[in-house]
Every structure is written in structure tokens, then in C-alpha cells.
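Here are some exercises to work through with the model open beside you. Try each task on your own before you read its solution.

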Amino acid sequence: MSRWWRFFAWVLLLSNLVGAQEPTPSRLVVLDKVFAPMPVLWADKEPYAPIGDWLAALRLRWVPSQNGVAVETPHHQTFLWTTSTTEIVLDGQRTEVAPLMERQNELWVPLISLARVLRLTVIVNAEKQVIKLASALQEISVLQTSLGWKVTLTFSYPLPVPPKTGALSQPDRAYSDLAGVSLGDLPIPSSPDPNFVVRFRLGQFSSDPPIVRFVADVAMPATFQVAGKEQGRDGREHWHLLLQPLAQRPPWLGQVQCVSNASHRAVFQLFGWFGGQLTIRQEAQVVSVPLPTPPLLPSEFLSMDDGLVRRAEILQTKEGWSLQLALREPATAVAQQDESGWLLVIEKPFFTRRAWLIVVDAGHGGKDPGAISPQRPNQPPLVEKHLTLDIAFRLKRLLEQGGYRVLMTRTDDTSIPLPERVAVANDARADAFVSIHINAFPQPGAQWGTEVYYWTPQSYPLAERIYRNLLSLLGRKGNGVRQRQLYVVRHTFMPAVLVEPCYINHPEEEALLRTEEFRERIALAIFQGIAEFFGDLTLERRGE
Ligand SMILES: [Zn+2]
């Protein structure tokens, strides 16, 4: 390298160092959820946050891809964002973006660029280190119907929760609270009928997390009720509310939405006002619910391919309108009233559910011993690979007794590459993956306690339950549920965790690990966490 080149490279290196500051604990508000402290890199042009849980608060799904991530939006559009991307096309719209930043083995997302791509409003207060991503209320329209006034609110991004509605008196007013929403500059519709609605008002009810309140000042007691929603193909969301006088409120149906339809459980949301009653009729494998009116809005039924509900339709019969659900297998239907109407839950009895498949991964093996305890006279050292296999077998027994199916990535002292361990779980379409390890610290005796690692958002609930059970059964120090890009939890498609119940090179924990009783406890805690995660073990039943 010539002298000049060396000088130039040195300047480049120096300028990189100046640009890359340390992350600062900041407050990131994503729609209605607060993530604080969140490490944020306050670079020249925009703040960056490391890829993590907070993306799930936007209902985004993401998978790691070469030097970046592939992201899927709530309206099922995908885009790729890498460390060299400068432009993203979404819904036919081009947006200039900053590339992802790679730092300390993590990918960092430029937040202003993200907001532009997704049409979110971004509010940045660099001084106070607060960043808020909100959906923008873009449009309000009012339409008279035979049932009352229909108000349609259009948002730039799907709301995290349905609008909350209610009525207040003195003076009479009906309101709707819109969480995760920021107020743009938009015209407020005038009252369509001053004898009923005095005026409409709009205000930022709270700013952190942001909530917008839409109010109708009314001449007589009245209330809003959610009638349903529609998703635009451009990702925008339209929510419909019905404003009715409380005195004369005939029952009506706004919309039926299939919330979920899994093999053992299906949930339908019925928006509207049913006069406080919902009747369920069930004959063999057909559930029918009489409806007060035909739906005001087109219904949203998910694909009924594999779920418990084979077919859902709204029918008109001699007796009137009804929702009819044809089930694939016998199940029971129950209804729960909520603020927006009713939830209809169809569930298979516990004993007929499919046995969940759990992949148990004993860490290390063969030529890779893992961590080893310090040398002691008269005692053989403990080797991580032997302990993990011992605990894995105990866990397998407990799971099988509990009605689960189990696959092990290894059953003897052999070395299995990480991609193969992941492939066992992915190929078998397992329902959960648990990798068992024993921790070690560079300075023996300096660190001790329990950690559980996960990467994808769907894995967090499993990690949290296993962690809580480990703490209560082992009584060690809790070092946290940590999100880390470890290979086996990063490349598995199902909820996946890696447990580090204790430290092999802490004298007290080493002594505990030498006892069969303690290793059985570790297995039992993991088992209980899994059973809680799948809803097979509730706290009440644990007390038995
Ligand atoms: Zn290990």
C-alpha cells in the first residue's frame, strides 16, 4: 500500500469512528406500546434501533436474510432491506431509505426511513431521546344509515387495537379513543343533523403513548359502537363506527371477522349491538348464531383450509339471518361479550387435541464437550455435553408422560452441526424447540444464575414461562430472558428457546449439578414452562 493510500484509509477509519457513537438508552413508542430503555444510535440523519421485539408491535413479520431482513407487512406485502438498500418499493410506491446498519453483530433499523416506508407518523425528540411511531388519522367521513350515523375513520397504518367507545353525560357526548394514533391536519366533518349531533370534535387525548379522541357532542344520550373494519390494498385501514341514541337502539350486526382458525380452536369477532344477548345453536358439527340484521359491512373470513372451522357463511333463512359454521371435528362453542360486540370461541375438548411435537436439543456432544468444570482433586470434572444429554432425556420422559411427542437432536455422545439440529425441528414442523446448555463464565465463580435466550417474537412467551419455572424450582439468581441471535433459536421456524439454567464453573452450582435431584428439577421446570405455554398446565392445576 502506498503512503498516500495508507493515509487515506486512516482518515476513513477515523471518520467511521466519529460517526459510530455509542447507543443511548432511549424511549421508543411503537403505536400503543412503549419500549424503554431501548438502545438507540443517534446518527447524523436519523435514529437507529436494533431489530427486535418492537417490530412485532407493528404486526410486522421478519426473517433474517443475507446482510438484512425480509419484512412482511400486515397487509401481506414483503420487502427486503439490507445494509446496502437505498430504496424500497412498497405498494408500487418508491421510498428513499437509509441502509440498515450493522453493528456488534446486530442489524439496526433507521427509524425515520422505516416510518416513511410504512406511512407512519414519526415524532422525534432528540433532546429527550424519545421516538414515537404512530398511525396517522387521515380522513373522517359521516354517512346516514337506517340504523344511525356511520362514521368512517381512515388510518395510514393498521391500529394495534380496535377503537374504544363510550358515552359521557353532562353535557351528553359519545366518544371513541384511538390508540397508537397521531393527529394530522385534517378537516372535521360538520354535523349532518344538528338536532342529534351538535358537533364533532377531535383532540390528542394523550401523547405518550399517543391516543386520539374523537367526540360527538350530542343533543340526547348517545353512544358509538364499532361496526367493523376494512383493510385497503395500500395498507390503510378504515374503521366504521355507528352513532346511535341510547334510547332507541335496535340490535344490529356490523361485521363478522374470523380472528383465528387453528386446528384446535377458532375465534370469530361479531361487531355490533346485540341488545346484550347472543344465542348459540349447535347441532352435530354445525354451529349457528341468529343475527339481528344482515351485516352492515363485508365480512372477513380467513382461508378455511385447515382450521377447526371448515366453512363460515352468513345465511338468510325463514327465521331470519344467521351465521353458520361447519366444523371439521366435534367441538364446543361459547360466546363472550366484549366492548365491540361478541367473541365466539369454538374449541376442541382437551383430550382430543393433537399431541404437540417438541424437539429437545442437548447442547454440544462428541468432539465438542462444551464447558468443563474446574479441576478438583478426587472428583472427575463435569462436562457440559454429558449434563445436557442427561437433562434432555429427563425432559423427554416428562414430556411423553404429559402427552407430547418428542424428537431429540442427539441421543448419544455425537457431534451434530447446528444447521442439522435446526433442520430436525424445521423438517418435522415441530411446535416448539428447546436447546439445553449449561453456562460458564471466563472467571470461574464470578457469575451464577439462570438465563433463557430467544430470538423471534413468537418465542418470547415460551422463553418467559420456562424462565419463570426455572427460577421458582431452582431458586437461582435470575439473569433475565434475553433476546440474542443464537444460531438454533434464530433459524428455527417455531417458538424456540435456549436455556442456561446455571453455571458449571460456579462452585455452588457445580455441586448442585452433580446431584440427580437438581438435574431432574431443571427438566421439570422446562417441562412445566412448555406445558404452560401450550395451555396444558395452569397455575391452579399446578397447585394440585
Ligand atoms: Zn453450551
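**Exercise 1. Place Arg103 in its strand and decide whether it is buried, partly exposed or exposed.**

Step 1. Look for Arg103 in strand E9, which covers residues 101-103. Strands here are DSSP runs of E with at least two residues, helices are runs of H or I with at least four residues, and both are numbered from the N terminus. Residue numbers start from 1 along each chain as its sequence is written. Keep in mind that this is a predicted model, where local features need pLDDT of at least 70 and side-chain atom pairs count only at pLDDT 80 or more, while totals for chains, interfaces and linings use all residues.

Step 2. Count neighbours: Arg103 has 14 C-beta neighbours inside 10 Å, so this residue counts as partly exposed. (Buried takes 20 or more other C-beta atoms within 10 Å of the residue's own, exposed 12 or fewer, and partly exposed lies in between; C-beta atoms are placed from the backbone.)

Step 3. Now find Pro50: 53 residues separate Pro50 from Arg103 in sequence, yet their C-alpha atoms are 9.0 Å apart in space.

**Exercise 2. Describe the loop between E14 and E15 through Gln170 and Pro171.**

Step 1. Pro171 sits in the loop between strand E14 (164-168) and strand E15 (173-179). Gln170 belongs to the loop between E14 and E15 too.

Step 2. Check the peptide bond from Gln170 to Pro171: it is cis, with omega near -5°.

Step 3. Check the backbone of Gln170: phi is positive, about 55°, although the residue is not a glycine.

Step 4. Count again: Gln170 has 5 other C-beta atoms within 10 Å and is therefore exposed.

Step 5. For another cis bond, go to Asp208 and Pro209, where omega is also near -5°. Pro209 is in the loop between strand E17 (197-207) and strand E18 (210-218).

**Exercise 3. Start from Ala284 and work out the sheet that contains E23 and E24.**

Step 1. Ala284 lies in the loop that links strand E23 (281-283) and strand E24 (286-291). Its phi is near 50°, a positive value in a residue other than glycine. Ala284 counts as exposed because it has 8 C-beta neighbours inside 10 Å.

Step 2. E23 and E24 run antiparallel and are joined by three bridges. One of the residues to look at is Gln282, whose bridge partner in E24 is Val287. (Two strands pair if DSSP finds at least two bridges between them.)

Step 3. Extend the view to the four strands, which form an open antiparallel sheet in the order E23-E24-E26-E25. E23 and strand E25 (309-317) are at the edges with a single partner strand each, so one side of each has no neighbour in the sheet.

**Exercise 4. Trace the six-stranded open sheet, its edges and its crossover.**

Step 1. Write down the order, E30-E29-E31-E34-E32-E33, with mixed pairing. The edges are strand E30 (405-408) and strand E33 (478-483); each has a single partner strand, so one side of each is left without a neighbour in the sheet.

Step 2. Take a parallel pair: strand E29 (residues 357-362) and E30 are paired over four bridges in the parallel sense. Val359 has Leu407 as its bridge partner in E30. From E29 the chain passes through helix H3 (residues 384-401) to E30, a right-handed β-α-β crossover. (Right-handed: with the strands pointing away from the viewer, the path from the first strand over the helix to the second runs clockwise.)

Step 3. Take an antiparallel pair: strand E32 (residues 450-454) and strand E34 (residues 496-500) are joined by four bridges. Tyr454 has Val497 as its bridge partner in E34.

**Exercise 5. Which domains does the assignment give, and how many residues of domain 1 and domain 4 are in contact?**

Step 1. The domain assignment, which is automatic or comes from a database, gives domain 1 (3-118), domain 2 (135-245), domain 3 (252-347) and domain 4 (357-539).

Step 2. The C-alpha centres of domain 1 and domain 4 are 32 Å apart. Five residues of domain 1 are in contact with five residues of domain 4, where contact takes C-beta atoms, placed from the backbone, within 7 Å.

Notes: Contact = placed C-beta atoms within 7 Å.
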